[in-house]
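Good morning, and thank you for making time for this presentation. I should like to take you through the fold of one protein chain, beginning with its turns and ending with its helices.

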Amino acid sequence: MEPNFYDNQKFITELTDKDLKNNTINNKRFKNKEALIMFYAPWCPHCVDSKELFIKTSKIMQDIVPLGAVNCTNPNTIKLQTVFEIKGFPTILEFYNGKKMGIYNGGRDPISITGYYCSQKNLFCNDDLKNI
């Protein structure tokens, strides 16, 4: 198992199979909220490229749209990977109240993610994204 990318990040929650209950993410940060969860492998070059962008996004969105992450090299994440049918890395899924709503297919940079949540979900709208 390779180390988790986001263990020390304030606004990204690293998830394991302990956070799964009845095929739903059972974590208080995701209760009654839209959320994004990235399934990643530390050896994957695309995941490595996305790491700092996901951290920047988390600092902007904080708990408005909580972010989670699943290290798919961790044996304690096999159930999460199976339930959510993870086939490649990185895979970013959209959740509401812990239930999978779909796959996020937009850009992985902060402007793309926050722009999506502003224009499509009307959840995160901030005119001052110049400092990203």
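**Loops, sheet and helix packing**

Asn23 lies in the loop between β2 and β3; here helices (H or I, at least four residues) and strands (E, at least two) are DSSP runs, numbered from the N terminus. Before I go further, a word on the source: this is a predicted model, in which local features need pLDDT of at least 70 and side-chain atom pairs count only at pLDDT 80 or more, while totals for chains, interfaces and linings use all residues. Residues are numbered from 1 along each chain as its sequence is written, and side-chain values use heavy atoms, with hydrogens and water left out.

Returning to that loop, Asn23 has a phi near 60°, a positive value in a residue other than glycine. Asn22 lies in the loop between β2 (20–21) and β3 (24–25) as well, and its phi, near 55°, is also positive in a residue other than glycine. Is Asn22 buried or exposed? With a relative accessible area of 70%, Asn22 is exposed. The cut-offs, computed with a 1.4 Å probe on protein chains only, are under 20% relative accessible area for buried and over 50% for exposed, with partly exposed in between.

Let me turn to the sheet. In what order do the strands of the open sheet stand? The 5 strands follow the order β1-β5-β4-β6-β7, and their pairing is mixed. Two strands are taken to pair if DSSP finds at least two bridges between them. The edges are occupied by β1 (12–14) and β7 (99–103); each has a single partner strand, so one side of each is left without a neighbour in the sheet. On average, and with direction ignored, neighbouring strands are turned by 30° against each other. Angles of this kind run from 0 to 180 degrees between N-to-C directions, and axes are lines fitted to C-alpha atoms, for helices over the stretch in contact.

At one edge, β1 pairs with strand β5 (residues 67–71) in the parallel sense, over 3 bridges. Within that pair, Ile12 has Leu67 of β5 as its bridge partner.

Further along, β4 and β6 run antiparallel and are joined by 6 bridges. Met38 has its bridge partner, Ile92, in β6. Strand β6 has 5 of its 6 residues buried, so it is largely enclosed by the rest of the structure.

On its other side, β6 meets β7 in the antiparallel sense over 4 bridges. Leu93 is partnered with Ile103 of β7, and Tyr96 stands opposite Lys99 of β7. The hairpin of these two strands has 2 residues between them, and Asn97 there takes a positive phi near 55°.

One peptide bond ahead of β6 deserves a remark. Pro90 is found in the loop between α2 (78–83) and β6, and the bond from Phe89 to Pro90 is cis, with omega near -15°.

I come now to the helices. Helix α3 lies across β4 (34–40) and β6 (91–96), and runs at about 150° to β4. How do helix α1 and helix α3 pack? Helix α1 (residues 45–61) and helix α3 (residues 110–119) pack at an angle of about 40°, with axes 9 Å apart. That makes α1 oblique to α3, given that angles under 35 degrees count as roughly parallel, over 145 as roughly antiparallel, 65 to 115 as roughly perpendicular and the rest as oblique.

The contact (heavy atoms within 4.5 Å) is made by Leu53, Lys56, Thr57, Ile60 and Met61 of α1, together with Pro110, Ile113, Thr114 and Tyr117 of α3.

Two buried residues complete the picture. Ile113, in helix α3, counts as buried at 0% relative accessibility. Leaving aside residues up to four places away in sequence, Ile113 touches Leu36, Thr57, Met61, Tyr104, Gly107 and Arg108. The C-alpha atoms of Ile113 and Leu53 are separated by 10 Å, although the two are 60 residues apart along the chain.

Ser50 lies in helix α1 and, at 3% relative accessibility, counts as buried. With the same sequence neighbours left out, its contacts are Tyr6, Met38, Pro90 and Arg108. Ser50 and Gly107 are 57 residues apart in sequence and 9.9 Å apart in space, C-alpha to C-alpha.
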